[in-house]
Amino acid sequence: MTRDVSEKIHKYEIFINDVLKEDLKKIHFLRDKVLHDLAELGQLKNTLETYIDMDLENGFKSQMSLGCDFYVQANINDARTIFIDIGLGHYLEFSLKSALIYVEKRSAMLQKQLQKLAQDSADNKATIKLVLGGIQELQKG
Amino acid sequence: MLLCEEGGIEPLNPLSFFKLIPVLVVNPIVKMHDVGNASVNYPQLLHQTYNEALLRNELAQKHWQKLKEEYMTLESFLNDLPKELSKDVMVPVAPRALMRGKIAHSNEILVCLGQGYFVKRSAIQAVEICKRREKICSDMLESLEKERNLFIGRQELPLQQDAFGGVREIIEEYNEEEETHWKAEHKKKEREYRQKLAELRTKEKTAVVDEESLWQRLDELELQEELEEELDRLHAEESDMEEEEDEEGEEEDDEEEEKGNERDTKKEGMQSEKDLPKEEMHAKCPSLGRRVSFAALAGDENEDEELRIEFHHSNVSPPDPTRSEIIQSPAELYLHFKNVFLTEPKSILKKTSSYENSFDNTFGEDSHGEVTEYESAVDLSSPTPPPPPPIREEVVERVTNVSSSTPAADRPVSRFKALRQQKKR
């Protein structure tokens, strides 16, 4: 009897460690990525709002990064359109206002993803707790 | 400090520069485990520790490699940039967002020096900065490679040398019984030794106490002293002899050996014959001849070491060069075939006047058939006289005939000589 129980406990422990916890790790990784994207979108949104507010349609000067903290001055003549990465390395030209709409929609979508991931993570954690409880039960009985 | 920020990818504070250098830290948890449990798997611990260090090292290497590549691409870009006055580019205005734009001043580069300080440089100057930073990267990579090799060596060597394997302990067993036994034995031995020592001392004392024995002892000492003196004198003479013998090179080595033996045997003799009366000792003492002393003593002391060379004269008489039928040297030709040669050969040696004067008459008497300066053919015509004995019984004074030595008129004579001879007449 006791041997069966200990074997079962062992199996459950393996399940927790090798399956549930690994899944949890994956979920957290994805969540971090989504959060990163969201932050970037928020930054972009701020930039767009600034451009719209400042009415920079006639162009402006900026410092362009060359990498490794080397900068060179760049003049932007046409500030009416902006190219935004829409995924998989593709850039789409937007007007500033439509860009703003795009950013909002995309961030809403990411929020949804984030919620789902949070749900998954919670579910996973609950499962782990359940299995741990089961193990405890087995040890008692 | 120049490299405090990594371009564009992720900012690094100056401290991270040091963090990147892997430090070998033993996991404290493992350490505690080590203390608590005596049977720790040391090889595994070593392996684990160095694996961690190697992993850190690898990450650092990757980081610096990446940085170096970035600087290289930047350098090539900066080389191309000032070739044009302006350039159409897509300017990144936000993450993942670009705008159409133009690079305005292609030869003005703003370079971050860290800590929020920027300098404006020309493209060429910026390239130089790039190169310097590239060099720092390569140096760092080099030292990281060295560190990697060091770690690998440290990881492998103890296993190769079997540092954890056959541990041998030196065990000295302590047996109380044996120890006590040994101590008792030791005491006994020590006591015996001390007793012997005491006996010896008492013996000496008694020997000296007796008056007769005292005188005997004094006599002995006197004798010894004399012998030593003798020996010293002998040695001094021997050294003289050695100098002489230097001339006869062949014998020297043998004689050196002999002398060595001689001294040894003498010393032995001295010690063994201390108690003999003085006269006898003198008789035994070697005379000052070269080899006799040694031979005599050696014969007495150790016969088996003696070397004797015996030889006999053969019956054959030694060859007489003048009488022998066989011609042994070219000079003898003239002796054997005198009738064939009308004149004796001329010498290749230069004639000197003094030589001629003094010898030309005497040669008739002591001719050994050698090639001489002899000029006249007087002897050649006459039969060979019997060769004179090598040593004459009586010494006869030479009569020099001056007139006969006068050279013939046709012979060339030096002017001075002629003058001298005229004066004599």
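In helix α2 of chain A, which spans residues 96–140, Asp120(A) and Lys116(A) stand four residues apart and are therefore separated by about one helical turn. In this predicted model, the side chains of the two residues meet in a salt bridge, with an N to O distance of 3.3 Å. Asp120(A) is partly exposed, its relative accessible area being 25%. Lys116(A), by contrast, counts as exposed because its relative accessibility is 52%, above the 50% cut-off for that class.

A related arrangement is found in chain B. Glu230(B) and Arg233(B) are joined through their side chains by a salt bridge of 3.0 Å, N to O. Both residues belong to helix α6 of chain B, which covers residues 211–245, and their spacing of three residues amounts to about one turn of the helix. Over all chains, the structure contains 13 salt bridges.

Chain A comprises two helices and four strands. Read from the N terminus, the order of its elements is α-β-β-β-β-α. Of its 141 residues, 35% are classed as buried. The accessible surface of chain A is about 9,400 Å², and carbon and sulfur atoms account for 55% of that area. When contacts within chain A between residues at least 6 apart in sequence are considered, 52% of them link residues at least 24 apart.

Chain B has 425 residues, of which 22% are buried. Its secondary structure consists of 13 helices and four strands. An accessible surface of about 33,100 Å² was computed for chain B, with 54% of it belonging to carbon and sulfur atoms. Among the contacts in chain B with a separation of 6 or more, 59% are made by residues 24 or more positions apart.

The two chains meet at an interface in which 36 residues of chain B contact 32 residues of chain A. Together, the chains bury about 2,900 Å², and 65% of this buried area lies on carbon and sulfur atoms. On the side of chain B, the residues that lose the most area to chain A are Arg96(B), Met99(B) and Arg100(B), which jointly contribute 26% of what that side buries.

Polar interactions also cross this interface. Nine residue pairs, with both members at pLDDT 80 or more, are in polar contact between chain B and chain A. The elements of chain B that each supply at least two residues to the side touching chain A are α3 (42–80), β1 (87–94), β2 (97–103), β3 (109–114) and α4 (123–160). The greatest contribution to that side comes from β2(B), with seven residues.

Three salt bridges are found across the interface of chain B and chain A. A salt bridge links Glu93(A) to Arg100(B), with the closest N and O atoms 2.8 Å apart. Glu93(A) is located in strand β4 of chain A (residues 90–95) and Arg100(B) in strand β2 of chain B, so this pair joins two chains. Glu93(A) counts as partly exposed because its relative accessibility is 38%. Arg100(B) likewise falls in the partly exposed class, at 40% relative accessibility. Arg100(B) thus appears both in this salt bridge and among the residues of chain B that lose the most area to chain A. Arg96(B), another of those residues, is linked with Asp37(A) and Glu40(A) in a network of salt bridges.

The cysteines were examined as well. A search of the whole structure returned zero disulfides over all chains. Cys137(B) takes part in no disulfide, the nearest cysteine sulfur being that of Cys68(A), 8.5 Å away. This separation exceeds the limit of 2.5 Å within which two cysteine sulfur atoms are taken as a disulfide. Cys137(B) is buried, with a relative accessibility of 0%. Cys112(B) also counts as buried, at 4% relative accessibility, since the class requires a value under 20%.

How values were computed. Residues are numbered from 1 along each chain as its sequence is written. Chains are lettered from A and ligands numbered from 1 in the order in which they are written. This is a predicted model: local features need pLDDT of at least 70, side-chain atom pairs count only at pLDDT 80 or more; totals for chains, interfaces and linings use all residues. Side-chain values use heavy atoms; hydrogens and water are left out. Buried means under 20% relative accessible area, exposed over 50%, partly exposed in between (1.4 Å probe, protein chains only). Contact means heavy atoms within 4.5 Å. Accessible areas come from the Shrake-Rupley method with a 1.4 Å probe; for residues, only the protein chains shown count as cover. Buried area is the accessible area (1.4 Å probe) that two parts lose on being put together, summed over both. A salt bridge is a side-chain nitrogen of Lys or Arg within 4 Å of a carboxyl oxygen of Asp or Glu. A polar contact is a pair of N or O atoms within 3.5 Å; within protein, one must be able to donate a hydrogen and the other to accept it, and residues adjacent in sequence count only if both atoms are side-chain atoms.
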